[in-house]
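I had this one open on the screen today and kept a few notes as I went. Here they are, in the order I looked things up.

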Amino acid sequence: MFSVAQLTAKDNVMTENNMTDNQPTLQVITASTRNGRSGPLVADWFLNYARKNAQFIIEPIDLAAISLPMYNEPRHPRLKQYEYDHTKAWSAIVNRADAFVIVTPEYNYFAPPALINALDYLSHEWAYKPVGFVSYGGISGGTRSVQSVKPLLTTLQMVPLPVAVSIPFFNQYIKADSGTFDPGEIQEKAAEAMLNELLRWAKALKPLRA
Ligand SMILES: Cc1cc2nc3c(=O)[nH]c(=O)nc-3n(C[C@H](O)[C@H](O)[C@H](O)COP(=O)(O)O)c2cc1C
């Protein structure tokens with residue numbers, strides 16, 4: 001995971017790589033930020049799988065490390081006239097992505113507040129980019145969280161995919177000895193299907209961002 005400062009410095013390098021024909025940049029966003037969260041365990045499992053899959057340049061984004069304050073820009077993000085350094089840094093990070101996977105829990109049948117806050121900060125940077133989900137929770141596997149955020153994503157002109165990884169009762173896949181998370185082959189197959197779709201959409205949407 002990177003701090004905002006590291007990610008901003010990295011931006012100069014990463015923009016050069018942005019969306020080569022074969023390897024678009026996939027940002028994997030960890031949406032939970034609370035102390036003691038399980039999000040990074042789930043994200044690490046998916047990140048390892050996505051790196052093996054090797055269709056994308058993979059960039060982990062942890063909203064806890066990004067640490068955006070509650071939305072405080074004076075002007076509408078459509079104008080891109082950002083007042084604050086935290087917004088400028090966040091804009092540069094999101095701008096270089098060609099696709100996203102949001103790793104999200106479900107809080108009260110809804111998406112976590114840090115995710116909604118991070119989405120609201122920007123506009124053009126999100127547009128015409130596909131989004132997949134890795135969700136986790138109790139019996140719902142976090143699916144209500146995913147459904148709750150889709151109207152926001154489509155308002156931002158993003159393309160949320162129906163193919164997703166949904167992990168019910170995720171705690172059972174945390175190994176007692178190592179503390180690592182492994183939900184098994186069925187979820188790997190779902191991850192593969194989602195990555196394949198993300199690649200198709202990332203390529204198809206790129207001309208709309210030209
Ligand atoms: C405020 C809060 C609300 C929650 N609401 C739900 C819920 O609606 N559905 C669900 O399946 N789990 C719910 N949970 C349990 C979470 O699935 C579980 O705490 C999970 O670890 C949260 O992800 P995180 O650890 O990455 O924050 C809730 C947890 C919290 C802290």
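Which residues are closest to the ligand, and how many surround it? Before answering, a reminder to myself that this is a predicted model. I get 13 residues around the ligand. Closest are Ser32, Gly39, Pro105, Gly137 and Gly138. Sorting the shell by class, I find 3 nonpolar, 7 polar and 3 charged residues.

**Entry: Thr30.** I went to strand E1, residues 25–30, where Thr30 sits. Buried or exposed? I count 30 C-beta neighbours inside 10 Å for Thr30, and the cut-off for buried is 20 or more, so Thr30 is buried. Its contacts, ignoring anything within four places in sequence, are Gly39, Pro40, Ala43, Ile61, Asp62, Leu63 and Val103. Gly39 also turned up among the residues closest to the ligand. I checked Lys129 too: Thr30 and Lys129 are 99 residues apart in sequence, and their C-alpha atoms are 17 Å apart.

**Entry: Ile102.** Next I looked at strand E3, residues 99–104, which holds Ile102. Ile102 has 28 other C-beta atoms within 10 Å, so I logged Ile102 as buried. What does Ile102 touch, not counting residues up to four places away in sequence? I noted Ile29, Ala31, Leu115, Val131 and Phe133. For Ile29 I also wrote down the separation: 73 residues along the chain, but 4.8 Å between the C-alpha atoms.

**Entry: positive phi.** I pulled up two residues other than glycine with a positive phi. Ser67 has phi near 50 degrees, and Tyr109 has phi near 65 degrees. Where are they? Ser67 is in the loop between helix H3 (63–66) and helix H4 (85–95). Tyr109 is in the loop between strand E3 and helix H5 (113–120). I make it 12 C-beta neighbours inside 10 Å for Ser67, so Ser67 goes down as exposed. Tyr109 has 13 other C-beta atoms within 10 Å, and since exposed stops at 12, I put Tyr109 down as partly exposed.

**Entry: Phe181.** This residue is in the loop between strand E6 (165–168) and H7. Phe181 has 20 other C-beta atoms within 10 Å, and 20 is where buried begins, so Phe181 counts as buried. Leaving out neighbours within four places in sequence, I found Phe181 in contact with Leu41, Val42, Asp44, Trp45, Tyr173 and Ile174. I also took the C-alpha to C-alpha distance from Phe181 to Asn171, which is 8.4 Å for residues 10 apart in sequence.

**Entry: H2 against H7.** Two packed helices are described by the angle between their axes and the distance between the axes. I looked up both. Helix H2 (residues 39–53) and helix H7 (residues 185–205) have axes that come within 11 Å and cross at roughly 55 degrees. That angle falls outside the parallel, perpendicular and antiparallel ranges, so I call H2 oblique to H7. The crossing of H2 and H7 is right-handed. Which residues meet there? From H2 I have Phe46, Tyr49, Ala50 and Asn53, and from H7 I have Glu188, Ala191, Glu192 and Leu195. By class, the contact of H2 with H7 comes to 5 nonpolar, 1 polar and 2 charged residues.

How values were computed
Residues are numbered from 1 along each chain as its sequence is written. This is a predicted model: local features need pLDDT of at least 70, side-chain atom pairs count only at pLDDT 80 or more; totals for chains, interfaces and linings use all residues. A residue is near a molecule or strand if its C-beta atom, placed from the backbone, lies within 6 Å of it. Ala, Val, Leu, Ile, Met, Phe, Trp, Tyr, Cys and Pro count as nonpolar, Asp, Glu, Lys and Arg as charged, and the others, Gly among them, as polar. Axes are lines fitted to C-alpha atoms, for helices over the stretch in contact, and angles run from 0 to 180 degrees between N-to-C directions. Helices (H or I, at least four residues) and strands (E, at least two) are DSSP runs, numbered from the N terminus. Angles under 35 degrees count as roughly parallel, over 145 as roughly antiparallel, 65 to 115 as roughly perpendicular and the rest as oblique. A crossing is left-handed if the near helix is turned anticlockwise from the far one by less than a right angle, and right-handed if clockwise. Two residues are in contact if their C-beta atoms, placed from the backbone, lie within 7 Å.
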